[in-house]
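Welcome, and please open the model in your viewer. We will go from stop to stop, selecting a few residues at a time.

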Amino acid sequence: MVLDLSQVHGGMLAEAGGKAANLGELIGAGLPVPPGWVVTTDAYRRVAAEAGLDGLIAAGGDGLAEKARERLLATPVPPDIARAVAVAYEKLPAGAAVAVRSSATAEDLPHASFAGQQDTYLNVTGAEAVLDAVRRCWASLWTDRAVAYREANGVDHAGVSLAVVVQEMVDARVAGVMFTANPVTGRRHEAVIDAAPGLGEAVVSGAVNPDRFVADARTGEIRERRAGDKRLLVRALPGGGTERLDTPPRDGFCLTDEQVRELAALGARVEEHYGAPQDTEWAIGADGGLWLTQARPITTLYPLPEPRDGLRVYFSFNVAQGVMGPLTPLGQATIKLLASGAAGAFGRPPADPREGPPVLVSAGERLWIDITTPLRSRAGRVILPRVMQVGEARTVALVRELAADPRLPVTHTSRRPLLRAAAHFGRRLRVPAKVLRALTRPERALAYTRKLGEDLDGHLRLPETATPADRLRHAQRMLGGAFPAIVSIMPTALTGYGLYALAARLSGTPLGEMQEVLRSVPNNPTTEMDLELWRLATRIEPEVFRREPVAELVRRYRAGTLPPVAQREITAFLGLYGHRGVAEIDIGVPRWSEEPGHILGALANYLRMDADADHAPAALFARGEVAARRAVDEAVAAARRRGRLRAAVVRFALGRARQFAGLRELPKFYAVKAIAGVRASLLEVGGHLVGEGVLDSAQDVFFLDFAELEAAVAGKGGDVRETVAARRAVHERERRRRHVPRVMLSDGTEPEAAMAGAAPEGAITGTPASSGTVTGTARVVLDPVGAQLEPGEILVCPSTDPGWTPLFLTAGGLVMEMGGAMSHGAVVAREYGIPAVVGVPDATHRIASGAQVTVNGAAGTVTTPA
């Protein structure tokens with residue numbers, strides 16, 4: 001796998017199983033392949049068949065890796081392959097030392113790099129030794145670590161194969177690793193080079209503290225030099241093999257600036273050749289010649305949006321919504337239509353609503369909001385951090401740091417566009433009238449919100465005679481018009497929060513000390529849903545739920561054979577809340593009404609708990625109301641010390657705040673209901689297309705966009721099954737992505753990684769979200785479906801949406817990687833009186849299940865007790 005773009009180092013290749021270890025790419029690119037290369041086809045597969053591996057894999061069981069290795073090592077290399085390798089080796093200079101390297105077909109997948117899972121043998125001399133190393137490379141496909149890694153990444157053992165690359169050794173004076181993009185910050189075209197004297201094995205294995213250089217591949221500017229102690233040297237031994245030597249610390253650098261620039265330029269050529277950033281290995285020979293010995297894609301970099309002019313700043317829409325996984329193609333199209341309606345409400349409708357507003361872009365099957373314009377405007381720099389503080393507090397510091405970046409100077413100085421948009425929005429939604437109604441006639445304001453829900457239900461209904469084309473038109477009309485109607489609730493909700501802030505100021509009480517006021521607020525559909533689920537658990541027959549597994553409960557519910565009260569009550573609950581689900585903003589995700597296992601599992605969990613009446617959620621909610629009234633009285637008393645009028649205003653303001661604060665969740669509740677209703681209609685379209693032989697499954701509609709569906713319904717789209725299959729594969733790949741930035745620059749930089757500093761000793765810090773202190777056992781939960789949380793355990797999770805909240809009923813505290821003080825998880829935690837810290841970087845990795853932790857929701861810290 002020699003990828004020097006100017007020449008190919010002499011060597012040979014024993015190829016097996018359909019992967020030519022990049023040799024085919026080199027030939028296809030017109031790069032020279034020197035004499036002495038031998039390509040032997042299907043070598044590994046032939047040996048594996050002779051060893052009976054297919055039967056061994058099919059049998060499975062314990063010890064698979066060890067058994068497979070033993071059989072491969074005991075199976076002779078086929079004579080024709082042995083001869084080909086020996087002949088090629090003899091063409092090299094007498095006594096040539098070679099590297100024998102593994103290259104498996106499962107390596108360098110888009111979602112995972114298997115590099116290092118198989119073995120490499122250095123400084124091998126003699127044809128017999130080369131053949132022995134080839135056999136050991138084949139066997140290394142079955143090391144315990146390689147088998148475990150394949151299983152963790154969902155790679156079929158039977159489908160993998162392995163090529164062996166044989167390269168003539170470079171007599172390396174210095175060697176190391178170079179990434180053509182910064183793997184930590186994500187910045188593209190920034191070469192990161194680790195170097196140490198001797199063979200590169202010391203650097204690759206992490207056994208040495210190397211010199212590190214960071215260079216701009218386009219300009220040659222060296223941005224960072226950091227000397228390592230380089231106390232380990234790996235060198236070749238005469239006659240074969242290598243040795244490791246501990247050496248005294250070495251001062252200075254092992255590369256000159258010119259060599260660093262030469263390496264960075266070579267890396268840029270490799271990246272251009274492959275069209276993607278590369279993880280490479282290199283060596284500088286005794287004669288000073290530079291050799292590139294290996295290249296593979298960097299699999300951890302997040303994909304970039306389509307390029308635009310200048311440096312752009314993108315904020316993750318997915319992070320803001322608490323959905324870290326990818327969105328289906330129709331899910332993205334749905335959000336774009338909703339966003340087009342939002343843009344229209346501000347007087348800026350896009351030319352094509354299906355394309356969405358220009359600020360919304362796609363990358364990595366997720367949506368991103370281009371915040372460059374507000375970040376480069378004076379007004380935006382004031383407003384943007386305040387908006388972020390409400391829903392994504394961790395991003396506030398990043399925005400402020402980016403505002404100081406000289407590459408992002410202020411270019412928009414006029415406030416007129418912002419004022420025009422705000423005025424248009426205010427007129428469109430009749431904001432002054434709604435605020436006045438909230439202040440003077442609160443019951444009418446609440447009645448208006450209920451009427452919106454009734455109207456939405458009516459608009460979602462379609463006659464049975466509706467054709468697939470009718471359904472598609474109706475879906476787009478509903479989604480395009482939903483935002484202005486649903487968001488008309490927000491002036492009332494924001495009136496509540498505005499009055500809450502006013503009361504804090506008038507009473508002289510810091511907002512952080514008034515959080516109790518917002519405990520157990522009414523008119524919150526998510527809280528109402530969770531409490532109803534608990535009450536449901538108290539009404540149904542418990543025996544079957546304590547005895548049967550969830551899968552059996554689901555089967556019986558669908559068959560209508562659960563005990564009668566349970567069957568009736570669960571159906572009623574799903575009638576009210578069945579449109580909800582985990583990652584519910586994605587129209588491609590099933591709802592609880594379609595897959596009720598999550599709800600049935602939560603009920604089973606509740607019924608297995610031994611909770612007394614005092615700790616039941618209804619009792620906790622009632623105590624929260626009492627605590628809130630007490631907090632109101634305390635604020636009023638504080639205001640009275642400043643005057644009776646102040647006290648009266650504070651009591652009035654906090655009363656309205658409690659009436660309206662819960663409405664914050666209602667727009668999303670209605671939006672998700674609209675999405676669920678459209679989903680049900682589009683599944684009918686999918687069923688029609690299955691009948692027409694265009695799709696394999698009704699669910700496949702969610703992997704097409706609206707234009708493609710219109711063409712398919714009209715009989716003009718052809719067979720789209722290959723398109724669907726390809727998009728499903730991309731979606732599944734993105735589901736396995738382990739890290740999604742919250743903010744990303746168009747050059748790939750992840751500002752949070754670039755600005756990361758050390759956390760205070762003994763504490764993990766985040767954003768205070770719900771006051772109180774609790775010590776308990778941490779429970780890391782990555783997916784709420786099927787998760788169990790014992791009473792009092794600390795829920796540690798990436799983010800939350802309403803699908804998570806049944807877990808809140810038993811949680812003693814909450815630690816969340818995403819979100820701000822007004823994010824969904826924080827709001828619900830406050831209502832339940834659960835201490836919570838949100839915006840905690842990498843919490844699910846830094847905190848282990850079973851660890852004892854203390855959550856201080858007022859200080860925003862998570863600590864391990866001494």
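Our tour begins in helix 19, which spans residues 490–507: select Thr 495 there. One thing to keep in mind along the way is that this is a predicted model.

**Stop 1: Thr 495**

Is Thr 495 buried or exposed? Its relative accessibility is 8%, and buried means under 20%, so Thr 495 counts as buried. Now show the side chain and add Pro 491 to your selection: a polar atom of the Thr 495 side chain lies 2.6 Å from the backbone oxygen of Pro 491. To look further along the chain, set aside the neighbours within four places in sequence; Thr 495 is then in contact with Val 435, Ala 438 and Leu 439.

**Stop 2: Asn 523 and Ala 583**

Next, select Asn 523, in the loop between helix 19 and helix 20, the latter covering 525–539. Before you look at its backbone, here is some background: most residues other than glycine have a negative phi. Asn 523 is not a glycine, yet its phi is positive, at about 65 degrees. With a relative accessibility of 24%, Asn 523 counts as partly exposed.

Then select Ala 583, which sits in the loop between helix 23 (564–577) and helix 24 (597–608). Ala 583 is not a glycine either, and its phi is positive at about 55 degrees. Its relative accessible area is 18%, so Ala 583 is buried.

**Stop 3: Arg 679**

Move on to helix 27 and pick out Arg 679. How much relative accessible area does Arg 679 have? The value is 0%, so this arginine is buried. What surrounds Arg 679, once residues within four places in sequence are left aside? Colour Ile 587, Gly 588, Val 589, Pro 590, Arg 591 and Glu 594, then add Gln 699 and Phe 702: Arg 679 is in contact with each of these. Now draw a distance from Arg 679 to Leu 330: the two are 349 residues apart along the chain, while their C-alpha atoms are separated by 9.9 Å.

**Stop 4: helix 27 against helix 28**

Stay with helix 27 and show all of residues 666–691, together with helix 28, residues 706–713. Their axes come within 11 Å and cross at roughly 45 degrees. The two helices are therefore oblique to each other, and their crossing is left-handed. Which residues meet here? From helix 27, select Leu 682, Val 685 and Leu 689; from helix 28, select Phe 706, Leu 709, Ala 712 and Val 713. By class, this contact has seven nonpolar residues, with no polar and no charged ones.

**Stop 5: helix 4 against helix 6**

For another helix pair, show helix 4 (residues 64–74) and helix 6 (residues 127–139). At what angle do they pack? The angle is about 160 degrees, with the axes 9 Å apart. Angles over 145 count as roughly antiparallel, and helix 4 and helix 6 are therefore roughly antiparallel to each other. Helix 4 passes helix 6 in a right-handed crossing. To see where they touch, select Arg 69, Leu 72 and Leu 73 in helix 4, which meet Arg 135, Arg 136, Trp 138 and Ala 139 in helix 6. The residues of this contact divide into four nonpolar, no polar and three charged.

**Stop 6: Pro 197**

Now find strand 6, residues 188–197, and select Pro 197 within it. Pro 197 has a relative accessible area of 11%, so this proline is buried. Not counting residues up to four places away in sequence, Pro 197 touches Arg 173, Val 174, Lys 230, Leu 233, Arg 250 and Cys 254. Zoom out and add Arg 646: from C-alpha to C-alpha, Pro 197 and Arg 646 are 75 Å apart in space, and they are 449 residues apart in sequence.

**Stop 7: Arg 738**

Last, select Arg 738, found in the loop between helix 29 (721–735) and strand 16 (743–745). Is Arg 738 buried or exposed? At 67% relative accessibility, Arg 738 counts as exposed. To finish, draw a distance from Arg 738 to Ala 763: their C-alpha atoms are 24 Å apart in space, and the two residues are 25 apart in sequence.

Notes
Residues are numbered from 1 along each chain as its sequence is written. This is a predicted model: local features need pLDDT of at least 70, side-chain atom pairs count only at pLDDT 80 or more; totals for chains, interfaces and linings use all residues. Side-chain values use heavy atoms; hydrogens and water are left out. Axes are lines fitted to C-alpha atoms, for helices over the stretch in contact, and angles run from 0 to 180 degrees between N-to-C directions. Helices (H or I, at least four residues) and strands (E, at least two) are DSSP runs, numbered from the N terminus. Angles under 35 degrees count as roughly parallel, over 145 as roughly antiparallel, 65 to 115 as roughly perpendicular and the rest as oblique. A crossing is left-handed if the near helix is turned anticlockwise from the far one by less than a right angle, and right-handed if clockwise. Contact means heavy atoms within 4.5 Å. Ala, Val, Leu, Ile, Met, Phe, Trp, Tyr, Cys and Pro count as nonpolar, Asp, Glu, Lys and Arg as charged, and the others, Gly among them, as polar. Buried means under 20% relative accessible area, exposed over 50%, partly exposed in between (1.4 Å probe, protein chains only). A polar contact is a pair of N or O atoms within 3.5 Å; within protein, one must be able to donate a hydrogen and the other to accept it, and residues adjacent in sequence count only if both atoms are side-chain atoms.
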